[in-house]
Amino acid sequence: MSTALRIEGVSKTFAGQRGLSDVTLDIPAGQITALLGMNGSGKSTLIKILAGVYEPDTGGRAWVGETELSLPLTPTESHDAGLRFLHQDLGLVDSLTIADNFALVDRFFARGIVGAINTKRQNEHAATTLALFGIDEHPATLVGELSPSTRTMVGIARAFQGGVDSLRRTILVLDEPTASLPAEEVDRVLGMLELLRENGGTAIYVSHRIEEVRRIADRVAVLRDGMLVADEPLGARDSHEIVSLIIGRPLEKRQLSRAEVREGDSVLEARGLRGNRLQGVDLSVRAGEIVGITGLIGCGRSELVRMLAGAQQPSAGSMRLSGKDYRPRTPADAIAEGVTCVPQNRRTEGVVLDMSVGENLTLGRLERHTRAGVVDRGGEAAASEALSEAFLVKTASLAAPVRSLSGGNQQKVVVARAASGDVSVVLLDEPSQGVDALAKQEIANILRALAERGVAVVVASTDYDDFVGLADRVLVLNRGRHVATLEGADITEDRIALTCTTSAQAG
């Protein structure tokens, strides 16, 4: 078996703290290697060194095939060596066509006689690659018009514009490519990667979704605290064995008791909510209850959360909170009434990346630490410290910018802020997106603790495992309508997936 990429003795130090420690790793050609680790383990650091974004400490070496690379790399040198990267945000420009997005990466703008761009030739060039991967889209289609999975597939195809030969010359690094995709869209992307491997392609696949890893990967390489702790064939390892490799010990199964059957009035109630997708949805959540909302793409689950949180106004319907009319015009109105939200996109809607961890923890709650218009910095710092400890936020300093935290710890900052203080309802949209197995369990524990305090919790998610052992009820939506409710022993991944699929086919 030949080696497509070898990394030897690569380390990286940030302000005296080791991000990577003497990592040596071989990536076999023609295989898919899963690069795994908890948030903050060093995966992104290693990827950024290969991409020419970070400069490693001295002493490390790297080869592509038999050719040694000169570290540190520049982005151009990385590209010329055949390394291609697809990140979670894909790096596509929605306002440009597929063909133009292809041209941006490989700098191939076909020119006519007078130097103008030859659109026909450019489209033909892109069409060849799209056909290679079975992507049935016209090259002149705007990327912003594509479905989420098709956008991801276009991002992958863009790395292989040299045809079949380029499959064997290119090493594709995918960093959480399916994190924001619903379950039914993931299969298309994984199928494309299987096609890539069948044609001799090599890939490094980073994901927190263990079932995807088990389906697609030939090998697993595991980083923990910046060190490579495992590099071996995947074999028949089950999910629990893989998670144990990642965290360094067996992950205890969730022992979360569901709430007892609640009697009495609902804390939060919605009747006949309508919007862009919702077609008259009813919802009722009691104190201490965790209700899940799920469904296939376009079902309206995120729109329902936005309406409950005051971020979107319903076109029809009504809401009540603790027996009174509830009509939030903004998220601030909802917060003032004790309804808080963990939004789907934490980086753009949940945190302010350049503000400190401590400031993000108290963001929107400064009135608690303000006297006569002056913020009590000591009180604010004490509150931040208490929240950081209570919600297990791992940070070198509360003064560090929140962008320096791993994705899982950023999410815990958002959850901590939403759950702090006198809240009666907490709403969460895709709470485990881009979060490792340990952080996912910690967030689940936080949600059950909130419910035990009497807080009503609503969780909208496309990851059906989010509900297992946690939710008291799961509402399934299809095309904006409530079509099924699962309870008790029916709340399993298989049962939820079957209900979502069959309801969509019936609709």
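Two strands count as paired where DSSP finds at least two bridges between them. The model discussed here is predicted.

## Sheets

By that criterion, strand β9 (residues 219-224) and β10 pair in the antiparallel sense, over 6 bridges. One of the bridge contacts places Arg219 opposite its partner Pro233 in β10. Both strands belong to an open sheet of 6 strands with the order β6-β7-β8-β3-β9-β10, and the pairing in this sheet is mixed. The edges are taken by β6 (83-86) and β10 (227-233); each has a single partner strand, so one side of each is left without a neighbour in the sheet. From one strand to the next, the twist of this sheet averages 20 degrees.

A second open sheet has 4 strands in the order β2-β1-β4-β5, with antiparallel pairing. Its edge strands are β2 (17-28) and β5 (67-69), each of which pairs on one side only. The average twist from one strand to the next is 25 degrees. Within this sheet, β4 and β5 are joined in the antiparallel sense by 3 bridges. Val64 has Thr67 in β5 as its bridge partner.

Further along the chain, strand β11 (residues 268-274) pairs with strand β14 (residues 316-321), again in the antiparallel sense, over 5 bridges. Here Glu269 has Arg320 of β14 as its bridge partner. β14 also runs antiparallel to strand β15 (residues 324-325), and 2 bridges join them. Across this pairing, Leu321 stands opposite Lys324 in β15. The hairpin of β14 and β15 has 2 residues between the strands, and Ser322 takes a positive phi near 50 degrees there.

The bridge partners named above are collected below.

| Residue | Bridge partner or opposite residue |
|---|---|
| Arg219 | Pro233 in β10 |
| Val64 | Thr67 in β5 |
| Glu269 | Arg320 in β14 |
| Leu321 | Lys324 in β15 |

## The aromatic pair and Lys12

A search of the whole structure finds 1 aromatic pair. The ring centres of Phe14 and Tyr54 are 5.3 Å apart and the ring planes meet at 70 degrees, so the pair is edge-to-face; the cut-off for that class is an angle over 60 degrees. Phe14 lies in strand β1 (residues 3-14), while Tyr54 lies in the loop between α1 (43-51) and β4 (61-64), so the pair ties together parts that are 40 residues apart in sequence.

Phe14 has a relative accessibility of 32% and counts as partly exposed. Tyr54 is also partly exposed, with a relative accessible area of 25%.

Lys12 is placed over both rings. Its charged end sits over the ring of Phe14, 5.3 Å from the centre. Lys12 also lies over the face of Tyr54, at 5.9 Å from the ring centre.

## Helices α4 and α14

Helix α4 (residues 119-132) has 14 residues, which at 1.5 Å a residue should span 20 Å; the end C-alpha atoms are 20 Å apart, in agreement with this. The buried residues of α4 are Gln122, Asn123, Ala126, Thr129 and Leu130. Seen down the helix axis, these buried residues fall within an arc of 125 degrees, so they line one face of α4. On the other side of α4, the exposed residues are Lys120, Thr128 and Ala131. Gly134, just after α4, takes a positive phi of about 70 degrees.

Helix α14 (residues 377-390) also has 14 residues, with an expected span of 20 Å at 1.5 Å a residue; its end C-alpha atoms are 20 Å apart, which agrees. Glu380, Ser384, Leu387 and Ser388 are the buried residues of α14. They fall within an arc of 100 degrees when seen down the axis of α14, so they line one face of the helix. The face turned away from the buried side of α14 carries the exposed residues Glu389 and Ala390. After α14 comes Leu392, whose phi is positive, near 60 degrees.

## Ile335

Ile335 is found in helix α11 (residues 331-336). This residue is partly exposed, with a relative accessible area of 37%. Ile335 and Ser424 are 89 residues apart along the chain, and their C-alpha atoms are separated by 9.8 Å.

Note on methods
Residues numbered from 1 in each chain as written. Predicted model: local features only at pLDDT ≥ 70, side-chain atom pairs only at ≥ 80, totals over all residues. Heavy atoms only, no water. Expected span 1.5 Å × (residues − 1). Buried < 20%, exposed > 50% of the residue type's maximum accessible area, 1.4 Å probe, protein only. Arc of directions from axis to C-beta. Phe/Tyr/Trp six-rings, centres within 6.5 Å; stacked < 30°, edge-to-face > 60°. Lys NZ or Arg CZ within 6 Å of the ring centre and 35° of its normal. Axes fitted to C-alpha atoms, helices over the stretch in contact; angles between N-to-C directions.
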